[in-house]
2 protein chains.
Amino acid sequence: MTTTRRERYREETRDEAKRIALEQLAGLGVEGVSVNAIAKRMGVTGPALYRYFKNRDDLLTELIRDAWRDLAEAVEASVADTADRPRDERVRGFADAYRAWAVHQPHRYLLLFGSPLPGYHAPQDTIALAHRTMSAFIGVLAESGPPARPVTPSGLDGQLREWARSRGEGEVDPAVLLTSVRAFTRLHGVLSLEVSGQFGPMGFDPALLYRAEVDSLVRGG
Amino acid sequence: MTTTRRERYREETRDEAKRIALEQLAGLGVEGVSVNAIAKRMGVTGPALYRYFKNRDDLLTELIRDAWRDLAEAVEASVADTADRPRDERVRGFADAYRAWAVHQPHRYLLLFGSPLPGYHAPQDTIALAHRTMSAFIGVLAESGPPARPVTPSGLDGQLREWARSRGEGEVDPAVLLTSVRAFTRLHGVLSLEVSGQFGPMGFDPALLYRAEVDSLVRGG
DNA sequence: TCACTGACGTTAGAAGTTCTAACACAAGTT
DNA sequence: AACTTGTGTTAGAACTTCTAACGTCAGTGA
């Protein structure tokens, strides 16, 4: 596919707008992402940007899409880097990469996992991008085979199996899926509270709390 | 303290505004909470409301304060109701009350735990209200004495002890604190993802996942 | 009872926001 | 060279928060 000069310029303009939007996001939160302000900083008038983004929601959707892709690439890189290491080390590597991504750009993590934009419905490709991170996680955790685990609430096994089927990854042991999802929610639990500043007044280091969770994860707790 | 007719009327007006603000929050998210729109629905003009709230942030702070108080009262009620039950049942009671509060009014849960308002700094009394929920949780979990538990990352014990001291609750075993905080982050992990709709495309019942976490919690996992 | 003070609501308006419409111009295409 | 398309402009509608100035009316003290 040939890219004309115009197409290239257009892409650059879009990228510049998104770059500035991310700065606004970091500084002022999602409410502070203003089409007008972005345009002004780019040296054009407000309405000019509507040639590049259908509306503000469209711009934010792009930011969300990019963030999911970026997160997926970060954890996939960790998985690739530890390809020939023992399973526990790979799990730790994943968890560390995941946390690093989150705490180095809390605003983007919040964009993905914080309050949903009202009326926003994630497009299909965004959901697929989100799945990539989960798949990488399941892949690493599944390495030592189905884990021993306590009683599963009735019904969940079937639902997890159905979920795996819909992801098109063939037959995955529901025990692995449950372990993965629970591990994920636990990591997210710590990260979410850290990134939204809830640990602030408590005065202890969230990284240590995170490590405690990772420890119990590799131990199979 | 005597309340004059004026004071009572003023309080009613504030309450009505907050009531409508909560409806807006539920329907349109925090961005949809508009001073102007609230005033219109109350049958007055926009600027009139500025006699009752310093500005929009002040109104939102009130909503946050109310939500923390409401949450604390909900879990404290559960704790009181199960006063003479065995410890495990009390833990389950707490977890159920906590989840019920969150899923019945997801917008309020997100107001407390979702993306923080940019530039918002929680006033001291709000932090104290948030602590009430945590204290109730610690209280129930502490009942069977310090739990057996795996290795604690070095440094965390001291920080937890310091945190307990600053809360003015005397000497609490750091093991209990760690268990409490970790239990809390795990419950929050599931709730947070549920309430922000992340489980939507996955098609399984978050309540079952939550139960799995509660199960492992009472088992001391 | 009269006068005063303070609370409350109004309109006007400044400075933002998103977003559409109409227009101008320059850059590719035929 | 003429035409089409992309990209920018200004104008403006309909919102938003929030301040200022101005009535009006209720409650209080003399």
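# Exercises on a predicted model of two protein chains and two DNA strands

In this model, 49 residues of chain A are in contact with 49 residues of chain B, where contact requires C-beta atoms, placed from the backbone, within 7 Å. The model is predicted: local features need pLDDT of at least 70, side-chain atom pairs count only at pLDDT 80 or more, and totals for chains, interfaces and linings use all residues. Residues are numbered from 1 along each chain as its sequence is written, while chains are lettered from A and ligands numbered from 1 in the order in which they are written.

**Exercise 1.** Describe the side of chain A that touches chain B.

*Solution.* Step 1: identify the elements. Helix 5 (106-113), helix 7 (156-166), helix 8 (174-195) and helix 9 (206-218) of chain A each give two or more residues to this side. Helices (H or I, at least four residues) and strands (E, at least two) are DSSP runs, numbered from the N terminus.

Step 2: find the main contributor. Helix 8 of chain A gives the most, with 9 residues.

Step 3: sort by class. The side of chain A that touches chain B has 22 nonpolar, 18 polar and 9 charged residues. Here Ala, Val, Leu, Ile, Met, Phe, Trp, Tyr, Cys and Pro count as nonpolar, Asp, Glu, Lys and Arg as charged, and the others, Gly among them, as polar.

**Exercise 2.** Which secondary structure and which domains does chain A have?

*Solution.* Step 1: count the elements. Chain A has 9 helices and 0 strands.

Step 2: locate the domains. Domain 1 covers 1-53 and domain 2 covers 63-219 of chain A; such bounds come from an automatic or database domain assignment.

Step 3: relate the two domains. The centres of domain 1 and domain 2 of chain A, taken over C-alpha atoms, are 31 Å apart. In chain A, 6 residues of domain 1 are in contact with 4 residues of domain 2. On the domain 1 side of this contact there are 5 nonpolar, no polar and 1 charged residues.

**Exercise 3.** Which residues come nearest to each DNA strand?

*Solution.* Step 1: take DNA strand D. Of the 22 residues around DNA strand D, the nearest are T45(A), N36(B), P47(B), N55(B) and R56(B); a residue is near a strand if its C-beta atom, placed from the backbone, lies within 6 Å of it. Helix 1 of chain A gives the most to the surface near DNA strand D, with 4 residues.

Step 2: take DNA strand C. Of the 21 residues around DNA strand C, the nearest are N36(A), P47(A), N55(A), R56(A) and T45(B).

Step 3: state the classes. The surface near DNA strand D has 8 nonpolar, 7 polar and 7 charged residues, and the surface near DNA strand C has 7 nonpolar, 7 polar and 7 charged residues.

**Exercise 4.** Why are helix 3 and helix 4 of chain B called roughly antiparallel?

*Solution.* Step 1: state the geometry. The axes of helix 3 and helix 4 (residues 87-104) of chain B come within 9 Å and cross at roughly 155°. Axes are lines fitted to C-alpha atoms, for helices over the stretch in contact, and angles run from 0 to 180 degrees between N-to-C directions.

Step 2: apply the cut-offs. Angles under 35 degrees count as roughly parallel, over 145 as roughly antiparallel, 65 to 115 as roughly perpendicular and the rest as oblique. Helix 3 and helix 4 of chain B are therefore roughly antiparallel to each other.

Step 3: name the residues. Those making the contact include L71(B) and A74(B) of helix 3 and R90(B) and G93(B) of helix 4.

Notes:
Two residues are in contact if their C-beta atoms, placed from the backbone, lie within 7 Å.
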